[in-house]
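Reader: I'm new to this one and would like a quick tour. Could you show it first and then take my questions?

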Amino acid sequence: MNKGKFIVFEGLDGSGTSTQSQLLQNAFVTDGKKVHLTCEPSPGPIGNMIRQAMQGRILFSKQDDKFDQQMAYLFAADRYDHLNNSIDGILKLVEDGFYVISTRYFFSSFAYHVTDSESSQLVRRLNSDFPNPDLLIYLDNPVESSIQRLNSRTVLDRYEQENKLRLVSDNYQKILSEYTGEKLVISAIKSKESIHAEIIKKVNSI
């Protein structure tokens, strides 16, 4: 049995990662490939806890300066389960020949949970054992464009704020400049059809 591939979409909130991951899923299905679409936080028990914390439904600490640190630990725990659980873990599915598409992976922890050198060291340590995906696709969206798209949402989580998104954008640029794995960086302000066409061309090349 041929192994599948692990493909990750990253980008600022509102950059179109969900739309493009679904388009890629549809293309794989049309091609007759086995495909599994997932995301982080994962649909698992820790992932559900993270979602509630980000929406303010669960409070772990009254200290706002501890929130990113708490999230870094929780995301790492969720990521470990997402990769390794025996039911629908990413590594198992790839071995079984699935093309696994995930919206977000460890790159998001470096983007959203790093505010200084201390938090950078923590995130690096927590994520050091996780494997690189076969392909990272980054949708490069200006902060102003992300804010405009987010304004149409009914509920925003605490990471979907302008000052946070500017820091996240800077962190993503640093990650991308350092990352040596297979990657594709595309302007998110192009039409969704042209973005999808570039993605298909890159996926076929690997």
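Author: Sure, and one term before we start: helices (H or I, at least four residues) and strands (E, at least two) are DSSP runs, numbered from the N terminus. This is a predicted model, where local features need pLDDT of at least 70, side-chain atom pairs count only at pLDDT 80 or more, and totals for chains, interfaces and linings use all residues. Residues are numbered from 1 along each chain as its sequence is written, and side-chain values use heavy atoms, with hydrogens and water left out.

Reader: In what order do the 5 strands of the open sheet run?

Author: Two strands count as paired if DSSP finds at least two bridges between them. Strand 2 and strand 3 pair in the parallel sense over 5 bridges, and strand 1 and strand 3 do so over 5 bridges too. Strand 4 pairs with strand 5, also parallel and over 5 bridges. Put together, the open sheet has the order 2-3-1-4-5.

Reader: Which strands are the edge strands?

Author: An edge strand pairs on one side only. That description fits strand 2 (35-39) and strand 5 (183-187).

Reader: Which residue in strand 3 does Val 8 stand opposite?

Author: Strand 3 is paired with strand 1 in the parallel sense. Thr 38 also has a partner in strand 3, namely Ser 102. For Val 8, the residue opposite is likewise Ser 102.

Reader: How many residues of strand 3 are buried?

Author: Buried means under 20% relative accessible area, exposed over 50%, and partly exposed in between (1.4 Å probe, protein chains only). Tyr 99, Ile 101 and Thr 103 are buried on one side, and Val 100 and Ser 102 on the other. Strand 3 (residues 99-103) is therefore largely enclosed by the rest of the structure, the buried count being 5 of the 5.

Reader: At about what angle does helix 9 run to strand 5?

Author: Axes are lines fitted to C-alpha atoms, for helices over the stretch in contact (heavy atoms within 4.5 Å). Angles run from 0 to 180 degrees between N-to-C directions. Helix 9 (residues 192-205) lies across strand 1, strand 4 and strand 5, and its angle to strand 5 is about 170°.

Reader: How many residues does the largest nonpolar core have?

Author: A nonpolar core is a set of buried Ala, Val, Leu, Ile, Met, Phe, Trp, Tyr and Cys residues joined through side-chain atoms within 4.5 Å. In the largest one, Phe 6, Tyr 105, Phe 107 and Tyr 172 have the most contacts inside it. Its total is 31 residues.
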